[in-house]
Amino acid sequence: MLKVTNATKAYSNHNILKQVSFCLNPGQIVALAGPSGSGKSTLLRCIQKLEKLDSGTITHKGTTGFVFQDFQLFPHLSVLDNVTYALRVTKKQPANDAQEKAKSTLKQLGLKTAYNKMPHQLSGGQRQRAAIARALVLEPDLLLCDEPTSGLDGPSSKSVAELFLNLKAQGVTMLIASHDLDFVGAVADRIIVLNEAAVLRDFMIEEKGKLSWAKLLG
Ligand code: ADP
């Protein structure tokens, strides 16, 4: 569904991505794991076309949804309005249809009581869920998430992991940049390890469980 071929990018003389290649199969959770600064975020942003590669290609038949590390919810809009925004403004759907769809997505993500709250009134975990709802309501073929557990406490991270496993069971394909190995170990079917701008390792996980940087980078 997604094919990345020799993706290469540099800022000034600093390599951010060096000849990165991989394909994604539908229905899997794939983690892009790697230390801070290894190029994970830049790769996701290039896939979402928020940034351009210097060379190489990214092809994807279908639509992507993007969940930013800092959520980027509209601070002046309620949770419900955040989630209906793209349906109303970009997709030009009637307000009633957009609301119905947004409410059903928010309910599924455990935010039934938060429709009318403002983003600043939510906990970190709820904000993450609202940002995921905003991406999911557009029914993307591929959900791109940048560090979904950063800033979340243990229980909130666990509940985001459960949510992702539920979404996978519903057929959502996910590419998740994360340096949280507990989270990656709990959700990923496959890990692509980025290190110093290049793919160091790319492997399927047979059994979910404990991962260590020594194993991934060693
Ligand atoms: P990761 O998500 O793995 O932490 P990033 O993709 O955010 O890595 O960053 C990779 C490298 O690119 C880092 O060294 C970072 O400082 C640099 N970088 C990211 N964005 C920019 C930018 N807009 N201008 C210059 N350097 C950048």
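**View 1. An open sheet of three strands, in the order β2-β1-β4.** The pairing in this sheet is antiparallel. This is a predicted model. β2 and β4 (55-60) stand at the edges, and each has a single partner strand, so one side of each is left without a neighbour in the sheet. From one strand to the next, the twist averages 20 degrees.

**View 2. The pairing of β1 with β2.** Strand β1 covers residues 2-11. β1 and β2 run in the antiparallel sense and are joined over seven bridges. One pair of residues to look for is K3 and C23: K3 stands opposite C23, which belongs to β2.

**View 3. The residues around the ligand.** Y11, H14 and I16 belong to this shell. So do P35, S36, G37, S38 and G39. K40, S41 and T42 complete the list. By class, three residues of the shell are nonpolar, seven are polar and one is charged.

**View 4. Polar atoms facing oxygen atoms of the ligand.** Three residues are picked out here: H14, G39 and K40. In the side chain of K40, an N or O atom is 2.9 Å from an oxygen atom of the ligand. G39 uses its backbone instead: an N or O atom there lies 3.1 Å from a ligand oxygen. For H14, a polar side-chain atom lies 3.4 Å from an oxygen atom of the ligand. How much of the ligand does the protein bury? Taken alone, the ligand exposes 560 Å², and the protein buries 58% of that.

**View 5. The elements that build the shell around the ligand.** Two elements give two or more residues to this shell: β2 (14-24) and α1 (40-47). Which element gives the most? The answer is α1, with three residues. The strand β2 also appears in View 1, where β2 stands at an edge of the sheet.

**View 6. D189 in the loop between α6 and β8.** The helix α6 spans 181-187, and the strand β8 spans 190-195. D189 lies in the loop between them. Is D189 buried or exposed? D189 has a relative accessible area of 12%, and buried means under 20%, so D189 is buried. A polar atom of the D189 side chain lies 2.7 Å from the backbone nitrogen of I29.

Conventions:
Residues numbered from 1 in each chain as written. Predicted model: local features only at pLDDT ≥ 70, side-chain atom pairs only at ≥ 80, totals over all residues. Heavy atoms only, no water. Near = heavy atom within 4 Å. Polar contact = N/O pair within 3.5 Å; in protein donor to acceptor, adjacent residues only side chain to side chain. Areas by Shrake-Rupley, 256 points an atom, 1.4 Å probe, with all protein chains shown as cover. Helix = DSSP H or I, 4+ residues; strand = E, 2+ residues; numbered from the N terminus. Nonpolar A, V, L, I, M, F, W, Y, C, P; charged D, E, K, R; others polar. Pairing = 2+ DSSP bridges. Axes fitted to C-alpha atoms, helices over the stretch in contact; angles between N-to-C directions. Buried < 20%, exposed > 50% of the residue type's maximum accessible area, 1.4 Å probe, protein only.
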